[in-house]
Amino acid sequence: MTAEPMRTDDYLEVRDLRVSFGDFVAVDGVVLTLLQGQVHFLVGPNGAGKTTVIDALTGLARGQGVATFDGEDLLGRSSHAIARLGVGRTFQTATVFNDLTVLQNLDIAGLRHRRRRSLWRARNGIPDAVAEAAEAVGLSHLLDRPAGVLSHGQKQWLEIGMLLVQDARVLLLDEPVAGMSAQERDATGELLHRIGRERTIVVVEHDMEFVRRYADVVTVLHAGRVLASGSMEQIRANPEVQRVYLGDHAEGVSNA
Ligand SMILES: Nc1ncnc2c1ncn2[C@@H]1O[C@H](COP(=O)(O)OP(=O)(O)OP(=O)(O)O)[C@@H](O)[C@H]1O
């Protein structure tokens with residue numbers, strides 16, 4: 001991919017984010033600064049509010065507070081408008097078109113987002129942006145395969161590739177390695193760091209061994225609030241985090 005100059009305003013700032021479902025407050029004043037060039041993990045017990053934070057940042061849940069990317073407010077915008085600003089997401093279950101080929105999935109992802117025409121020069125009938133995304137996620141050799149025959153891991157990579165074609169600068173990934181083989185997990189961790197050099201990557205994850213290996217920054221959510229944020233070492237040393245979360249997820253962490 002062509003490296004673009006580092007932009008100082010290219011980060012996602014979340015201040016006092018709140019999401020309620022009726023009387024129930026699922027996200028209760030979350031503060032996050034998500035920087036470009038870092039792989040940032042959101043962890044925490046079931047029901048902590050991790051997915052709801054991502055939903056609020058991508059227009060799928062009504063959030064209150066402030067969430068800005070590149071100086072633009074995200075809250076109150078539609079999902080499509082947020083995607084057009086360069087903030088993209090994946091879901092726990094991949095949402096690719098199984099009957100279409102990998103190439104067609106990538107091509108369709110780009111249709112609505114052809115912001116920079118120069119990227120859509122085609123070589124051998126394949127737009128450059130599609131070829132570059134396929135290469136970045138390691139699917140160049142499978143372009144003609146129907147997405148339905150891909151492994152679980154390859155489908156997640158295809159979804160990430162679709163975000164790259166859309167020129168997403170923030171990628172919010174909901175449990176991308178759940179159900180993957182150990183080999184696929186390693187490939188995904190390396191992929192996140194490769195594409196994360198020029199982007200902001202946020203990963204919701206339960207697999208603490210994966211977090212330990214690939215996190216630059218970890219934020220622990222509990223009951224809709226930020227319990228702690230920092231390096232894996234700082235998180236691991238936090239007694240409150242040990243008490244409410246890592247006590248149950250210590251296996252991967254103890255190998256650090
Ligand atoms: N649409 C909704 N309506 C009502 N309650 C909801 C809705 N979506 C989420 N919740 C509740 O909000 C809380 C936070 O859910 P969320 O899915 O964000 O947690 P999570 O940290 O992602 O959990 P998990 O790790 O289990 O996916 C949970 O108690 C959940 O039941």
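**Exercise 1. The shell around the ligand**

Find which elements each supply at least two residues of the shell around the ligand in this predicted model, and say which of them gives the most.

*Solution.* Start with the residues themselves. The ligand is surrounded by Phe-21, Phe-24, Ala-26, Gly-44, Asn-46, Gly-47, Ala-48, Gly-49, Lys-50, Thr-51 and Thr-52.

Next, lay these over the secondary structure. Strand E2 (24–34) and helix H1 each bring at least two residues to the shell. H1 comes out on top, with three residues.

Last, sort the shell by class: four residues are nonpolar, six are polar and one is charged.

**Exercise 2. How covered is H1?**

Work out how many residues of H1 are buried, then look at what comes right after the helix.

*Solution.* Go along the helix one residue at a time. Lys-50, Thr-51, Thr-52, Val-53, Ile-54, Asp-55, Ala-56 and Leu-57 are the buried ones. That makes eight of eight, so H1 is mostly covered, given that a residue is buried when 20 or more other C-beta atoms lie within 10 Å of its own. For background, buried residues make up 43% of the 256 residues in the protein chain.

Now step past the end of the helix. Gly-59 follows H1, and its phi is positive, near 80 degrees.

**Exercise 3. Placing Ala-61**

Is Ala-61 buried or exposed, or does it fall in between? Locate it and list its contacts too.

*Solution.* First, the location: Ala-61 sits in the loop between helix H1 (50–57) and strand E4 (64–69).

Second, the count. Ala-61 has 18 C-beta neighbours inside 10 Å, so it is classed as partly exposed. The cut-offs behind that step are 20 or more for buried and 12 or fewer for exposed.

Third, the contacts. Setting aside neighbours within four places in sequence, Ala-61 touches Val-19, Thr-52, Asp-55 and Ala-56. Thr-52, Asp-55 and Ala-56 are also on the list of buried H1 residues.

As a final distance check, take Leu-42: it lies 19 residues from Ala-61 in sequence and 18 Å from it in space, C-alpha to C-alpha.

**Exercise 4. The four-strand sheet**

Give the strand order of the open sheet of four strands, and explain why one side of E2 and of E5 is left without a neighbour.

*Solution.* Write down the order: E2-E1-E4-E5, paired antiparallel. E2 and strand E5 (72–73) are at the edges with a single partner strand each, so one side of each has no neighbour in the sheet.

Now take the E1–E2 pair. Strand E1 (residues 12–21) meets E2 in the antiparallel sense over eight bridges. Arg-18 stands opposite Asp-28 in E2. H1 packs on this sheet, touching E1, E2 and E4, and its direction makes about 70 degrees with that of E2. Leu-17 has Val-30 as its bridge partner in E2. The two strands form a hairpin with two residues between them, and Gly-22 in the turn has a positive phi of about 60 degrees.

Then move to E1 and E4, which pair antiparallel over five bridges. Here the partner of Arg-18 in E4 is Gln-64.

**Exercise 5. The six-strand sheet**

Which strands stand at the edges of the open six-strand sheet, and what does H1 touch there?

*Solution.* Begin with the order, E6-E9-E10-E3-E11-E12, with mixed pairing. Strand E6 (87–90) and strand E12 (225–230) are the edges: each has a single partner strand, so one side of each lacks a neighbour in the sheet. On average, neighbouring strands here are turned by 20 degrees against each other, direction ignored.

Zoom in on one pair: strand E11 (residues 217–222) and E12 run antiparallel, joined by five bridges. His-222 stands opposite Arg-225 in E12. H1 packs on this sheet as well, touching strand E3 (39–43), E6, strand E9 (170–174), strand E10 (200–204) and E11, with its direction at about 145 degrees to that of E9.

**Exercise 6. Checking H5**

Compare the expected span of helix H5 with the distance between its end C-alpha atoms, then say how enclosed the helix is.

*Solution.* H5 (residues 152–165) has 14 residues; at 1.5 Å a residue it should span 20 Å, and its end C-alpha atoms are 20 Å apart, which agrees.

For enclosure, 13 of the 14 residues are buried, so H5 is largely enclosed by the rest of the structure. H5 lies across E6 and E9, running at about 170 degrees to E6. After the helix comes Asp-167, with a positive phi near 65 degrees.

Definitions and conventions: Residues numbered from 1 in each chain as written. Predicted model: local features only at pLDDT ≥ 70, side-chain atom pairs only at ≥ 80, totals over all residues. Contact = placed C-beta atoms within 7 Å. Near = placed C-beta within 6 Å. Nonpolar A, V, L, I, M, F, W, Y, C, P; charged D, E, K, R; others polar. Pairing = 2+ DSSP bridges. Axes fitted to C-alpha atoms, helices over the stretch in contact; angles between N-to-C directions. Expected span 1.5 Å × (residues − 1).
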